[in-house]
Amino acid sequence: MHIVYPAVVSALLFSIGVYGVLARRNTILVLMSVELMLNAVNLNLVAFDVWLADRLHSGQVLTLFVIVIAAAEVGLGLAIVLALYRNRRTVDLDHLRALAEPATATGPEQEDLGAGGLTGTARESPQPVNVAAPQGAAEERRTAGGGEAQAEGGGGGGQAVRRERGTL
């Protein structure tokens with residue numbers, strides 16, 4: 001067999017894979033395009049191994065390693081896609097560009113920051129929950145920073161005390 005035929009087929013497969021990665025917006029189709037590129041590389045490795053008559057068959061052995069890594073990549077990639085779909089309800093790459101969670105809360109919590117129409121979420125510091133505590137609990141709460149510091153918005157030590165007691 002002449003080496004040109006598998007090399008041309010491999011180049012075509014690799015080109016189709018590159019086009020799929022660059023032009024597609026669906027995450028699953030991008031993963032399939034990456035697999036197409038890996039299979040084009042595998043075809044080249046086996047074709048050149050046969051053409052060079054390598055006694056160690058290093059091209060075929062390397063192909064086996066690439067296949068194993070590709071299988072692991074597919075499993076991990078699909079797990080990531082499923083997790084993204086559960087969180088964002090889309091697998092469109094254009095909608096997955098931002099790393100932040102999508103803003104779904106609208107209502108009185110939104111405040112206008114006034115700088116170019118940017119909006120932010122106003123968050124209040126957590127309020128302590130009244131829990132029947134043993135004597136000395138007020139002293140623990142004061143030493144953990146749950147007094148004036150929490151009223152100023154910098155505390156949260158009351159939660160740490162409740163976590164230690166297991167009342168959260």
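# A tour along helix H2 and its neighbours

Begin by selecting helix H2, whose 26 residues should span 38 Å at 1.5 Å a residue, and the distance of 38 Å between its end C-alpha atoms agrees with that expectation. Keep in mind throughout that this is a predicted model.

**The whole chain.** Before going further into H2, zoom out to the full chain, in which there are six helices and two strands. Reading from the N terminus, the elements follow the order α-α-α-β-β-α-α-α. Colouring by burial would pick out 20% of the 168 residues as buried, while the chain exposes about 12,400 Å², of which carbon and sulfur atoms supply 62%. If you look at contacts between residues at least 6 apart in sequence, 45% of them join residues at least 24 apart.

**The two ends of H2.** Return to H2 and select Asn 26, which caps the N-terminal end of this helix, with a side-chain oxygen lying 3.2 Å from the backbone nitrogen of Ile 28. At the other end, select Ala 53, which follows H2 and has a positive phi, near 55 degrees.

**The buried residues of H2.** Next, select Thr 27, Val 30, Leu 31, Ser 33, Glu 35, Met 37, Ala 40, Asn 42, Ala 47 and Asp 49, which are the buried residues of H2. With H1 and H3 also displayed, you can follow how these buried residues pack against both of those helices.

Which residues is Asn 42 in contact with, leaving aside its neighbours within four places in sequence? Select Asn 42 in helix H2, and show Thr 63, Val 66 and Ile 67, which are its contacts once those neighbours are set aside. Asn 42 has a relative accessible area of 7%, and because buried means under 20%, this residue is classed as buried.

**Across to H3.** Now select H3, which has 31 residues and reaches 44 Å from its first C-alpha to its last, close to the 45 Å expected at 1.5 Å a residue. Its buried residues are Gly 59, Thr 63, Val 66, Ala 70, Gly 77, Val 81 and Arg 88, and what covers them includes H2. Two of the contacts of Asn 42 that you have just displayed, Thr 63 and Val 66, therefore appear again in this list of buried H3 residues. Just after H3, select Arg 89, which takes a positive phi of about 60 degrees.

**A nonpolar patch on the surface.** Switch to a surface view and select Ile 28, Leu 29, Met 32, Val 74 and Leu 78, which make a nonpolar surface patch of about 380 Å². The elements that give two or more residues to this patch are H2 and H3, and H2 gives the most, with three residues. Ile 28, whose place is in helix H2, counts as partly exposed at 35% relative accessibility; the backbone nitrogen of Ile 28 is also the one approached by the side chain of Asn 26 at the capped end of the helix.

**The salt bridge.** Finally, select Arg 25 and Asp 94, whose side chains meet in a salt bridge at 3.5 Å, N to O. This pair links distant parts of the chain, 69 residues apart, with Arg 25 in the loop between helix H1 (4-23) and helix H2 (27-52), and Asp 94 in the loop between helix H3 (58-88) and strand S1 (110-112). Are the two partners buried, exposed or partly exposed? Arg 25 counts as partly exposed at 34% relative accessibility, and Asp 94 likewise counts as partly exposed, at 41%.

Notes
Residues numbered from 1 in each chain as written. Predicted model: local features only at pLDDT ≥ 70, side-chain atom pairs only at ≥ 80, totals over all residues. Heavy atoms only, no water. Salt bridge = Lys/Arg side-chain N within 4 Å of Asp/Glu carboxyl O. Helix = DSSP H or I, 4+ residues; strand = E, 2+ residues; numbered from the N terminus. Buried < 20%, exposed > 50% of the residue type's maximum accessible area, 1.4 Å probe, protein only. Expected span 1.5 Å × (residues − 1). Contact = heavy atoms within 4.5 Å. Polar contact = N/O pair within 3.5 Å; in protein donor to acceptor, adjacent residues only side chain to side chain. Areas by Shrake-Rupley, 256 points an atom, 1.4 Å probe, with all protein chains shown as cover. Patch = residues over 30% accessible without salt bridge, like charges linked within 9 Å, V, L, I, M, F, W, Y side chains within 5 Å.
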